[in-house]
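Student: I have a structure open and have never looked at it before. Could you walk me through some parts of it?

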Amino acid sequence: MEPRRHAAAIAAVLALLLTAPVMGQSAPTPRQAEALATYERALGDFKSILAERRRQIEAKETLPNLPGQALYLARVAVISSYKDLTDAMPSRIGRPNKFEIPPAYFDADIEPLVDEYGKLFDIMEAPPASAQNSPTPFKDVVDLAVAIARAKGLASEHAETAGRISLGLFFAETNGKQNVRNARSNTYMGSFQTGPSEDRNGRRKWDAIKGEIAAIDPALSARDDREEARARGTDPRFNHWTNVRDGLMNAHADLFREIPGIVKTLPDPIDQMKLFELIQIVPTPTRSALKSGDLLNYRVSSPTIMKHLRNNSIFAFGRADRARSSASYREILAAMWLFNRKFERAMAKFAEIRPR
């Protein structure tokens, strides 16, 4: 919006507020009027891009490169500007919402817009026609993680924890959808959203322990041989089994050995999942935090790391969060509230697969 139009919008909102007396409340400040105008503008932009993308899809028009990026940025702007609004006007904090977003960040009245957002991403990220699905996608994730953890020397109890954590990663990366594309990236694809180099690195690491896997679980090793044969000549990231396998081996398998200590420090299973998701997002400082002996109080202050966190919906919403120049891992885990619902779904699914 042009500066003159922005100023006019703020003036209009302020005039409206000033002419609407509310018993027991003082007149709104310019800051409050600006925050409301900014939120209304962000909400209008979000509605506009949702409608545009829906029209393009239904008209079967060619979508722009990275068609989800504009949608994502518009949603971030809505949540950010609403948090700024409720910081300026706490009375605007409303009722809980079905997405389990803290009410200070989200107006429950716009739930239908976020539902539409999800539906559009489902369409834009639909698997290619050549994708090789599995009839047991969730069980595959757990079985592979448990076998890898056992090959890394974990006892049965902690190998099961590795399976639960890995199922959480599947939900964090794709909402539990197999073989999806990525509407915000031309690099990361598949059930575990890996790039080509990550997939190759994971495959190399898997080959190194394949013999141990075969000794531990011959049936799983035989399944792996079949999937390898099926995926031959295709992009292995669009075979659910091989992408999960290579994604786990690339980023997470070496840290499975740390699970006994992680469980002591983080007894909440959702916090355990969050920590392994941080291995996806900011691997180097997360490994350093684990080695420090004081995980929760380990602090990151690199602008690059803070940027990576914000790009993954951590400290991304509202001026106060975005102004942070550092954070401890205790604060980072607490700020990952957008992942809570995904991890709760993963825990429910794990209980179905591995009933006690």
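Tutor: We can go through a few helices and then some single residues, keeping in mind that this is a predicted model.

Student: Let's start with helix H7. Which residues does H7 cover, and what span should it have?

Tutor: Helix H7 takes in residues 196-216, and because each of its 21 residues counts for 1.5 Å, a span of 30 Å is expected, which agrees with the 29 Å between its end C-alpha atoms.

Student: And where is the kink in H7 centred?

Tutor: The kink in H7 is centred on Ile209, and the bend there is about 55 degrees. Ile209 is also one of the buried residues of H7, a list that further consists of Asp199, Gly202, Lys205, Trp206, Lys210 and Ile213.

Student: Is there a general reason for the spacing in a list like that, or why would residues three or four places apart point the same way?

Tutor: An α-helix has 3.6 residues a turn, so residues three or four places apart point the same way.

Student: Ok, what covers the buried residues of H7?

Tutor: The cover includes helix H5 (137-151), helix H8 (218-231) and helix H9 (240-251).

Student: Take H5 then. At what angle do H5 and H7 pack?

Tutor: H5 and H7 pack at an angle of about 95 degrees, and their axes are 9 Å apart. Angles of 65 to 115 degrees count as roughly perpendicular, so H5 is roughly perpendicular to H7.

Student: Which residues meet there?

Tutor: On the H5 side they are Leu144, Ala147, Ile148, Arg150 and Ala151, and these meet Trp206, Ile209, Glu212, Ile213 and Ile216 of H7. Sorted by kind, the residues of this contact are eight nonpolar and two charged, with no polar ones.

Student: Switching to H9: how many of its residues are buried?

Tutor: H9 is mostly covered, with 12 of its 12 residues buried. From its first C-alpha to its last H9 reaches 17 Å, close to the 16 Å expected at 1.5 Å a residue. The buried residues of H9 are covered by elements including H5, helix H6 (156-174), H7, H8, helix H11 (269-281) and helix H12 (283-291).

Student: Can we zoom in on Asn250, and which residues is it in contact with?

Tutor: Asn250 has its place in helix H9, and with a relative accessible area of 18% it counts as buried, because the cut-off for buried is under 20%. Once neighbours within four places in sequence are left aside, Asn250 is in contact with Glu198, Asn201, Gly202 and Lys205. Asn250 and Ser197 are 53 residues apart in sequence, while their C-alpha atoms are 9.5 Å apart in space.

Student: New topic: what about phi of Lys60?

Tutor: Phi of Lys60 is near 55 degrees, which is a positive value in a residue other than glycine. Lys60 lies in the loop between helix H2 (30-58) and helix H3 (67-88), and it is exposed, with a relative accessible area of 73%.

Student: And Phe315, buried or exposed?

Tutor: Phe315 is buried, at a relative accessible area of 5%. Phe315 lies in the loop between helix H13 (303-310) and helix H14 (319-322), and although it is not a glycine, it has a positive phi of about 55 degrees.

Student: Last one, where is Ser91?

Tutor: Ser91 is in the loop between H3 and helix H4 (111-124), and at 57% relative accessibility it counts as exposed. Its C-alpha atom is separated by 52 Å from that of Arg200, which is 109 residues apart from Ser91 along the chain.

Methods. Residues numbered from 1 in each chain as written. Predicted model: local features only at pLDDT ≥ 70, side-chain atom pairs only at ≥ 80, totals over all residues. Heavy atoms only, no water. Helix = DSSP H or I, 4+ residues; strand = E, 2+ residues; numbered from the N terminus. Expected span 1.5 Å × (residues − 1). Bend = angle between axes of the 7 residues up to and from the residue. Buried < 20%, exposed > 50% of the residue type's maximum accessible area, 1.4 Å probe, protein only. Contact = heavy atoms within 4.5 Å. Axes fitted to C-alpha atoms, helices over the stretch in contact; angles between N-to-C directions. Parallel < 35°, antiparallel > 145°, perpendicular 65-115°, else oblique. Nonpolar A, V, L, I, M, F, W, Y, C, P; charged D, E, K, R; others polar.
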